[in-house]
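Got your viewer open? Load the model below and keep the selection panel handy.

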Amino acid sequence: MSQSEKFYITTPIYYVNDRPHIGHLYTTIAADVLARFQRLRRVDVFFLTGTDENSQKNVEAAAKHGYKNIQEYLDVMAATWQSTFSDLQMSNNAFIRTTEKRHRVAVEKFWALVKDRGDIYLGEYEGMYCTGCEGFKLEGDLVDGLCPLHKKAPDKIKEKNYFFRLSAYRDRLLEHIDNHPEFIQPITRRNEVRSYIEKFMEDVSISRDVSSLRCGIPVPGDDSQVIYVWFDALINYLTGVGFGSDEATFVRYWPADVHLVGKDIIKFHCALWPAMLMSAGLSLPKQIFAHGFFTIDGEKMSKSLGNVIDPLEVVKKYGQDPLRFFLLKEITFGEDGDFSLKRLQDRYQGDLGNELGNLVHRTLSMTEKYQAGQVLKGKNTNEQNLLKDEWSRYEQAVLKLDFGGALEIIWEMLRWSNKYIDEKKPWVIAKEQPDLIPEILFNLLERLRHVAWLLKPFMPETSAKMFEQLGIADHEAQKTYEQAQIWGGFPENATIVKGEPLFPRLEE
RNA sequence: CGCGGGGUGGAGAAGUGGCAUCUCGCGAGGCCCAUAACCUCGAGAUCCCGGGUUCGAAUCCCGGCCCCGCAACCA
């Protein structure tokens, strides 16, 4: 927990063939929470996200949107993604685009390392190519030997490609996975990857004929070939921290502490990528954590169904914190789940409005009413630490990426407070034993101070508002993570600023 | 036998060898500081089915049934 400790976290880089939807935000928000949590602990964080621009998909999207110049389209879309993330106050330190010069330099450097190792060879890629799909098909894709989409037989095509000797790393990969249980999480993904490596993994083609691909980084020394998108894309994690351009930064942050990915791309991240790194003689990321996918009201999210949710629309109505809260509380991180605006509404009103917002509001109201807004310490105030092990349980949950569990601990604290008010009945005490009021209110306010701290990574706006309303924003900003945890740290004679309820009821 | 996820009170989920948990909803009561918010109590579950292992299974094993992803935009 010092500045010498570092934490490097990444999200996948996203295709820019469309605008960001709620699923992209899910991954990015999770990474943002971890980044903010580590910063809270004063760890030196590097949080990277970005866009994958050397993809045929993007070329097609550019054409569809009427762009003649692909780069122009990529620039517009990359800007859209960046502004969406910044509108949602993602705290990434950098945003990588794979069409940047520095990335090309990094990829070339990486290619050379792998080539020097002897892991790149020229081979022949033989496949069934459907001209309708403009893509290769596998046996299993075909129905009666025909492309199910275009109802015609694919052409057999032979193409010269460069191959990466992936299979040579089978044993080393399995050994690494077995010796590092934390490497692939959750466990179910580890098993999945393990069996893939053991039974199916083969050498992979890592280039394409330039004539069939109108984008990408040329193979060094062979302009007739373009580097395959995944081989190029994975290297972004190196480029982002300076590989090939800023050695000091690279040495500082690599290897990554966590690659956050969706469950669809684990094979690339857990097999291909580590093997590439082994080949290049670089160290492996410490962990790859795969989250699940969610459906929308029980149905798969898809453009054709028209149920794709624009995060900006949700944020416009509820604010970004409720969205963050919902995604991380409602859906167990690492498993599949379901997103529903109805349940988002329920949680907004229940968990946020009633349990949290109303608690803050009623506590502040009583402080105003009984103590003219002043925070006082009662005689016994500091002698009873009313916290147990919330901070350490919370910390352990976040480190396991059990976001729901971490939030649950905070909500236990809120329920404790609501119950405490009910049992203590300050409105009675105020009349009968007014000298006991300061202690009761202090216990409530102090607990809210802790809650505001714990909410910081999850709901940064709400946390900031709470500190403001409690009248301790400046005071708390001076504290270290360790100081914040000490019971009784609420400054005496602070003046609360009641303000508006945190999560006002919304018209349906 | 392509790969994977899942089936837990009315709804949504957690739990993955030891008294079945949480949220919402429902019923009854309490409270009046508060955003008709808060607190308490209650009803409601053959933990998909059938075998097995075990002192003990929602949890492990075997066999079924059913749902859902991936192979087509899509984290």
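Here is a short tour, stop by stop.

**Before you click.** You're looking at a predicted model, where local features need pLDDT of at least 70, side-chain atom pairs count only at pLDDT 80 or more, and totals for chains, interfaces and linings use all residues. Residues are numbered from 1 along each chain as its sequence is written, while chains are lettered from A and ligands numbered from 1 in the order in which they are written.

**Stop 1: chain A as a whole.** Select chain A and switch to cartoon: there are 20 helices and 15 strands. These are DSSP runs numbered from the N terminus, helices being H or I with at least four residues and strands E with at least two. Along the principal axes, the C-alpha atoms of chain A fill a box of roughly 90 × 50 × 40 Å. Of its 508 residues, 40% count as buried (20 or more other C-beta atoms within 10 Å of the residue's own; exposed is 12 or fewer, partly exposed is in between, and C-beta atoms are placed from the backbone).

**Stop 2: the RNA.** Now select RNA strand B and what surrounds it. Which residues are the closest to RNA strand B? They are Gly23, Gly262, Lys303, Asn354 and Gly357, out of 52 that surround the strand (near means a C-beta atom, placed from the backbone, within 6 Å). Color α13 (341–371) next: this helix gives the largest share of that surface, eleven residues. Other elements supplying at least two residues each include β1 (6–15), α1 (22–40) and α16 (426–432). By class, the surface has 16 nonpolar, 19 polar and 17 charged residues. In that tally, Ala, Val, Leu, Ile, Met, Phe, Trp, Tyr, Cys and Pro are nonpolar, Asp, Glu, Lys and Arg charged, and the others, Gly among them, polar.

**Stop 3: cis peptides.** Zoom to Gln185 and Pro186, joined by a cis bond with omega of about -5°. Pro186 sits in the loop between β7 (184–185) and α6 (187–199). Then jump to Trp254 and Pro255, where the peptide bond is cis too, with omega near 5°; Pro255 is in the loop between α9 (247–253) and β12 (258–262).

**Stop 4: positive phi.** Pick Gln89, a non-glycine residue with phi near 55°, in the loop between α3 (70–87) and β3 (94–97). Is Gln89 buried or exposed? Exposed, because Gln89 has 12 C-beta neighbours inside 10 Å. Finish at Leu401, whose phi is near 65°, in the loop between α14 (390–399) and α15 (403–424). Leu401 is buried, with 22 other C-beta atoms within 10 Å.
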